[in-house]
Amino acid sequence: MLIHTIDEVREHVKKWKKEGLSVGLVPTMGALHDGHKSLIVNSVEKCDKTVVSVFVNPIQFCPGEDLDKYPRTLEEDNNLCENAGVDIVFAPSPKEMYGEGHILSNDFLTYVIPPYFYVDKLCGKSRVGHFDGVCTVVNKLFNIVQPDFAFFGQKDAQQLIIIKKMVNDLNIPVEIVACPIVREKSGLALSSRNKYLSCTEKEEAVVLSKILFNIKACYNTGIVDIEALKDTAYSLLNENHDLEYLEFRDENDLSEKEKADENTRVFIALKIGNVRLIDNISLKH
Ligand code: AMP
């Protein structure tokens, strides 16, 4: 069922809660692919009712980013959700979420701001304010849907860690379920932004996962020196790859690792043409 208003979602959730049914939430920005679908399948399996939100959240886009051209495919998204057994697709307008005129101004909106330590690195470094926008909208969605479980992909591992931190710090009564990264056969992590890639760029984009798999393979042979592991990546890069970061960070709190170990996650961001792509891998055996 496709719903555009907060009140209507609340009505359904109220009824479900009265009946003692558990509710799962899958927050998305739409243009759904098999990565999103895996989150949805997890929720449908685990929860009595599943809500998928489809909302291209304007306050998590920085100036100059792709807010206007971000793919919007609500009809297909709704079909995918219906076929997967989703109960509600919640697709609000920016006005429904933020009210008229307040969309881009933090003078008029109460924000949820994650700790600086978590956002001054990786994607937060180049996307200033991005995680404020993410935490604010996810908090709003939690308040609207009041889910028992919320499903997030490890594809956006920094986001997942920050959301877990927010839920813990603010005592939000929801269990966060982390879902593994879904990849194409080539290794490329599925992403709505892959739609921006030309055929040749898509082939180039395989380098992200190649670098990560290579690092993990070297770590598995016993190499723990981070510079040595990074060196294995540089030989795979060429002039078409604009590396933004390749970092080894703690799985739980994003602190920098001195040596690779079982709690290390390797994060990469790289631009191919105008398309910025991210990926990551856990070094856990
Ligand atoms: P987005 O629509 O890009 O905001 O993503 C919505 C959710 O889907 C987030 O929790 C993402 O981490 C997750 N997601 C996106 N791509 C993948 C993927 N390839 N594998 C697993 N989860 C994903």
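The following paragraphs describe the ligand site and the cysteines of a predicted model.

The ligand is surrounded by 17 residues, and the closest of these are Met29, Gly153, Asp156, Val182 and Leu190. By class, this shell comprises nine nonpolar, six polar and two charged residues. Several residues place polar atoms beside oxygen atoms of the ligand. For aspartate 156, a polar side-chain atom lies 2.6 Å from a ligand oxygen. Histidine 36 likewise contributes a polar side-chain atom, at 2.9 Å from an oxygen atom of the ligand. Glycine 153 takes part through its backbone, with an N or O atom 2.9 Å from a ligand oxygen. The ligand taken alone exposes 490 Å², of which the protein buries 92%.

The shell can also be read in terms of secondary structure. Two or more residues come from each of the elements β2 (23-28), α2 (34-46) and β5 (149-153). Of the elements, α2 gives the most to the shell, with three residues.

The cysteines form a separate topic. A disulfide requires two cysteine sulfur atoms within 2.5 Å, and by this rule the count is zero. Cysteine 47 remains unpaired because its sulfur is 11 Å from the closest cysteine sulfur, that of cysteine 179, which is too far for a bond. Cysteine 179, in turn, is in no disulfide, the nearest cysteine sulfur being that of cysteine 47 at 11 Å. As buried means under 20% relative accessible area, cysteine 47 counts as buried because its relative accessibility is 6%. Cysteine 179, with a relative accessibility of 1%, therefore also counts as buried.

Conventions
Residues numbered from 1 in each chain as written. Predicted model: local features only at pLDDT ≥ 70, side-chain atom pairs only at ≥ 80, totals over all residues. Heavy atoms only, no water. Buried < 20%, exposed > 50% of the residue type's maximum accessible area, 1.4 Å probe, protein only. Near = heavy atom within 4 Å. Polar contact = N/O pair within 3.5 Å; in protein donor to acceptor, adjacent residues only side chain to side chain. Areas by Shrake-Rupley, 256 points an atom, 1.4 Å probe, with all protein chains shown as cover. Helix = DSSP H or I, 4+ residues; strand = E, 2+ residues; numbered from the N terminus. Nonpolar A, V, L, I, M, F, W, Y, C, P; charged D, E, K, R; others polar.
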